[in-house]
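Reader: I have a model open on my screen and would like to understand the words people use for it. Could you take me through them?

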Amino acid sequence: MTFPASDILIVDDNINNLQLLSGILAEDRLTIRRAINGAIALKSIQAIRPDLILLDILLPDYSGYQLCQLIKQNPATADIPIIFISALNTTLDKVKAFAVGGVDYISKPFEFAEVKARIHSQLQLRAATAEVEALNAALEARVEQRTAQLMAAKVTLEEQIKERHLAEVALQQSESRFRFLIENASDLIFLLDPQGVIRYASPAVDRGLGYNPSAFVGKPLTQWLHPQDHEKATQWLTEVFAYPDRVLTIILRCQHRQGNEPVFEAVAQRFADATSFAGVVVNARDVTECLRMEAVQSALEREKELSELKLRFFSMASHEFRTPLSVILMAAQILENAEPEGAQTKRLRNIKRIQSSAQSLKTMLSDVLEIARLEAQSMEFKPQWISLPEVCDRILETHQTLHSHEPRIHYTYSGSATTVYLDPDLLSSILSNLLTNALKYSQPHQLVQFQVDLTPAQVEFQIADQGIGIPPAHQEHLFEPFHRADNVGQIEGSGLGLAIVRKCVDLHNGTISLVSDPGGTTFIVQLPLQQPVQPPDPASNHAVILTGI
């Protein structure tokens, strides 16, 4: 028998039956696939649609009847012929098989000739059906084609002429509108060939640059640009030709006939028309006034920021300076009017008040001057080789002295070296401000943790207090000048210390972060280490672990 090569799926949980059926069909031009249960069969059918399915009734997961119903319910597989194979040989079994969609029934044990005959019959029937369907489809297509030809032949010659005339009128109107738009557009429009030579210039170049459009034709676009923009424009056009699907924008300065240099925003894209011209269309808009207005707006915004900063400063100064000045005046008056009895004790007490208040004023003025220098960007980053432990010890000694040598700072240092390449002044400002804040917002009996970790790549400082904490709503504004949280109460401060710290950290290209809750705050500063040629350091080969109070 002859029939087209076909794909057959055999579904049977008995391996012997699978091998037997595969052997029976081995001599024919058939692709045999096998499945031992219904789930595998469904996946196999979904992957490759078979031409015929041999289906056992008794399967471990589905019955053959259930599997057949699932296949027939799917429109994509409903027309696949299914031959049931089973040892069940009652009339009821066969009737049920045909009822769920089976086309034939083969009883076990198999008769080779019967099996081949039934399979070949179904394959031939399927092939004949497919051929008839193909012939019907071809015939329908041919009828439709012939019908369309006959309908087209009914169109009269007058109608064709009328349609052509209408098309010509529409084309003329379209060209007229296009030319009107181009000639009256405020933007400059150029067509460039692949070498960047101008082949068309719109009339707007007369209004925009003061030249007749004909003066541009045949000359490179770069001839009309500022000399410093030639290389940028050449690279821009190269990218336009390299990426035909992109629209690329650039800012260029042009040369006006009157000698000024207007600024244009130019947009370029690949262009091709019916005349086989292939090049680039450039649309340029004068943005000189827009850029000037943006610069003015930026300056106004900057001026507004400076005005707000000045207002905040004067508000802070009038409030913060008043208290120490009042203390100084009061203490001076007491000294002036002190009675002889107990005068020495009062004098010393008031002298300390004057000294403390004067020191507060000095600190606030120093902070204001330093933040002003940083805002004006006049402070430079000047790194040098320094001994990190010595810098830390000096700062610790200063703070211990200010607190009557009370043991309030727990200091640890770890690292395999002591010499670093950092700016000593900026570093001192970072550590002094953070330690001052930590001590100020902690109770006198509470320790401040000061930890230094030095690695080859960076140095990390952690300063942790046990103070009042920083409310979450204020944490994102904490490094802004003059900003103070709403829980500081009567604790004095200018709101400049952390702004100075942030500026000094930024000059080092470092980072600063914090973790805070009502039980305390930890500031973490990480400064990357510069890598110049380092001078010999005898102590650099030894690990350094210093602990102090």
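Author: Happily; we will go through the sheet, then a helix pair, then the cores. Please keep in mind that this is a predicted model.

Reader: Let's start with the sheet: what is the order of its strands, and how are they paired?

Author: The order is β2-β1-β3-β4-β5, an open sheet of 5 strands with parallel pairing. From one strand to the next, the twist averages 20°.

Reader: Why are β2 and β5 said to stand at the edges?

Author: Each of them, β2 (30-35) and β5 (104-107), has a single partner strand, so one side of each is left without a neighbour in the sheet.

Reader: How do you know that β4 and β5 count as a pair?

Author: Pairing requires at least two bridges, and 4 bridges join β4 (residues 82-86) to β5, so the requirement is met. You can find Ile 83 opposite Asp 104 of β5.

Reader: Which helices lie against the sheet?

Author: Helix α1 (residues 15-24) packs on it, touching β1 (6-11), β2, β3 (52-56) and β4. The direction of α1 makes about 175° with that of β2. Helix α5 (residues 112-153) lies across β1, β2, β3, β4 and β5, and runs at about 165° to β5.

Reader: Now the helix pair: how do α13 and α15 pack?

Author: The axes of α13 (residues 424-440) and α15 (residues 497-507) are 9 Å apart, at an angle of about 145°. Their crossing is left-handed. Residues that meet there include Leu 426, Ile 430 and Leu 434 from α13, and Leu 498, Val 501 and Val 505 from α15.

Reader: What makes up this contact, in terms of nonpolar, polar and charged residues?

Author: It has 9 nonpolar and 4 polar residues, and no charged ones.

Reader: What does it take for Leu 498 and Val 501 in α15 to be called buried?

Author: The cut-off is under 20% relative accessible area. Leu 498 and Val 501 are among the residues of α15 that are buried, so they fall under that value.

Reader: Which residues touch the most other members of the largest nonpolar core?

Author: Among its 42 residues, they are Leu 388, Leu 427, Phe 450, Val 452, Val 459, Phe 461 and Phe 523. Helix α13 gives the most to this core, with 8 residues. Leu 427 touches several residues beyond four places away in sequence, including Ile 386, Leu 388, Phe 461 and Leu 527. Apart from this core lies another, of 26 residues, with Ile 198 and Leu 248 among them.

Terms used. Residues numbered from 1 in each chain as written. Predicted model: local features only at pLDDT ≥ 70, side-chain atom pairs only at ≥ 80, totals over all residues. Heavy atoms only, no water. Axes fitted to C-alpha atoms, helices over the stretch in contact; angles between N-to-C directions. Helix = DSSP H or I, 4+ residues; strand = E, 2+ residues; numbered from the N terminus. Left-handed = near helix turned anticlockwise from the far one by under 90°. Contact = heavy atoms within 4.5 Å. Nonpolar A, V, L, I, M, F, W, Y, C, P; charged D, E, K, R; others polar. Buried < 20%, exposed > 50% of the residue type's maximum accessible area, 1.4 Å probe, protein only. Core = buried A, V, L, I, M, F, W, Y, C linked by side-chain atoms within 4.5 Å.
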